[in-house]
Amino acid sequence: YDIILHGRRAETDIEPLREQLQREFNVKCHYLTADLLQRSEIENLCKNKIAALYPDGVDILVNNAGFGVHAPLESFPVDKWDEIIQLDLTAPFDLVRLTVGAMKKKGWGRIINISSILSKKVVKTFVAYNCAKHGLDGLTKTVANDCFGTGVTCNSICPAVVQTSMNTKRMEARAEVDGIPAEESEALYLKAMNPSGQYVTVEQIAEVAAFLCTPAADQITGASIPVDAGKWAE
């Protein structure tokens, strides 16, 4: 497959990665920018930028953008509620809405929503994120039902804590607040969130996404697939 990377970073920052993917996998690789907090930019991304490259639409959509904020319920910042619901739930809806029609016409497509173990459980200070991820799994099931018999599937992958730069920074900040070494703070947090005591890796998430695009997954749709170090089994 050709690849379309999306983000908000400057093209110069992404160019080395774009070139690496293009060279390593011998496919075309593009980088397109759009602010997913703005519906008008999502529409421009799909109707103009992507359509100019691929008039027949994309074959696979991976909704991976997201963020969350911790705060008590009674003082949760309402501006952050709006941003999190927009980015984590409304943007995936719009991206599906604008791409699924072309998939149906071709008789094949894959929609993969990167959700969270918090689509089934909650962390009480993660108010908007909990709600957005519960909603994303609802969207996944709804899209799957809409696409029965078309050759298009829609599934969500639900990770526990993944080893990303964002989470690494969060761990460092937590250690500073707790006044303990970063390694100790990280181990305590992982034990609480990931029963295995280990991070989920981005490669493990990517491998599940890749599997969902194979013929072996033709009859997997509407599923919420945990990659959660055993969290849902507790």
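**Exercise 1. Determine how many disulfides the structure holds, and describe the surroundings of C154 and C158.**

Solution. The structure holds zero disulfides, a disulfide being a pair of cysteine sulfur atoms within 2.5 Å. For C154, the nearest cysteine sulfur belongs to C147 and is 7.1 Å away, and C154 is in no disulfide. For C158, the nearest cysteine sulfur is that of C154, at 11 Å, and C158 is likewise in no disulfide. C154 has a relative accessible area of 0% and is buried, where buried means under 20% relative accessible area, computed with a 1.4 Å probe on protein chains only. C158 also counts as buried, at 0% relative accessibility.

This is a predicted model, in which local features need pLDDT of at least 70 and side-chain atom pairs count only at pLDDT 80 or more, while totals for chains, interfaces and linings use all residues. Residues are numbered from 1 along each chain as its sequence is written, and side-chain values use heavy atoms, without hydrogens or water.

**Exercise 2. Establish the strand order of the open sheet and identify its edge strands.**

Solution. The four strands are ordered β3-β4-β5-β6 with parallel pairing; strands are DSSP runs of E with at least two residues, numbered from the N terminus, and two strands pair if DSSP finds at least two bridges between them. The edge strands, each pairing on one side only, are β3 (60–63) and β6 (224–227). Strand β4 (residues 109–114) and strand β5 (residues 152–159) run parallel and are joined by six bridges. Within this sheet, N113 has S156 in β5 as its bridge partner.

Technical notes: Buried < 20%, exposed > 50% of the residue type's maximum accessible area, 1.4 Å probe, protein only.
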